[in-house]
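User: I would like to go through this model strand by strand, with the reasoning behind each assignment spelled out. Please take my questions in turn.

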Amino acid sequence: MKSGKIVFNHHQSVLDCTIRDLSEIGCRIIVQNQIDLPADFELHLTSSDEKYHCQIIWRKGKEAGIKFKS
């Protein structure tokens, strides 16, 4: 389990998230509130300062499955 930040809206909006099931191709994220996440965003891993361009594949409640885009 890692913490991260969802960055979107031309870096004007930032949401905290928990990152689970991290792999080379994607991960599962958990947010505090059920909100409308954008379909595409940048994910920053807080501990390692890694950044990924992401696309949401599925949503269920406060969780979303994302894949990393090249």
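**Strand pairing and packing**

Analyst: To begin with the pairing in this predicted model, Ile-30 has Glu-63 as its bridge partner in β6.

User: In which sense do β3 and β6 run, and how many bridges join them?

Analyst: The bridge between Ile-30 and Glu-63 places a residue of β6 opposite Ile-30. Strand β6 covers residues 63-69, and the sense in which β3 and β6 run is antiparallel, with the number of bridges that join them being five.

User: Which residue is the bridge partner of Thr-18 in β3?

Analyst: Strand β2, residues 13-20, pairs with β3 in the antiparallel sense over four bridges. In the hairpin of these two strands, five residues lie between them, and Asp-21 takes a positive phi near 55 degrees. Within β3, the bridge partner of Thr-18 is Ile-30.

User: How many of the six residues of β3 are buried?

Analyst: Strand β3 spans residues 26-31 and is mostly covered. Ile-29, for its part, has contacts beyond its neighbours within four places in sequence, including Ile-6, Cys-17, Leu-37, Phe-41 and Ile-66. Of the six residues in β3, the number buried is five.

User: Which residues touch the most other members of the largest nonpolar core, and which elements give two or more residues to this core?

Analyst: In soluble globular proteins, nonpolar side chains tend to be buried together. Here the largest nonpolar core has 15 residues, and those that touch the most other members are Ile-6, Ile-29, Phe-41, Leu-43 and Ile-66. The elements that give two or more residues to this core are β2, β3, β4, β5 and β6.

User: Does His-44 count as buried or exposed?

Analyst: His-44 is found in strand β4, residues 40-45, and, leaving aside its neighbours within four places in sequence, is in contact with Ser-3, Gly-4, Lys-5, Val-7, Glu-50 and Lys-51. Because its relative accessibility is 17%, below the 20% cut-off, His-44 counts as buried.

User: A search of the whole structure finds one aromatic pair; which residues form that pair, and is the arrangement stacked or edge-to-face?

Analyst: The pair links distant parts of the chain, with one member in strand β5 (residues 51-60) and the other in strand β6, 16 residues apart. The centre-to-centre distance is 4.1 Å and the angle between the planes is 15 degrees; since planes under 30 degrees apart count as stacked, the residues and arrangement asked for are Tyr-52 and Phe-68, stacked.

User: Which member of that pair is buried, and which is partly exposed?

Analyst: Phe-68 has a relative accessible area of 14% and is therefore buried. Tyr-52 has a relative accessibility of 21%, so the partly exposed member is Tyr-52.

Definitions and conventions. Residues numbered from 1 in each chain as written. Predicted model: local features only at pLDDT ≥ 70, side-chain atom pairs only at ≥ 80, totals over all residues. Heavy atoms only, no water. Buried < 20%, exposed > 50% of the residue type's maximum accessible area, 1.4 Å probe, protein only. Pairing = 2+ DSSP bridges. Contact = heavy atoms within 4.5 Å. Phe/Tyr/Trp six-rings, centres within 6.5 Å; stacked < 30°, edge-to-face > 60°. Core = buried A, V, L, I, M, F, W, Y, C linked by side-chain atoms within 4.5 Å.
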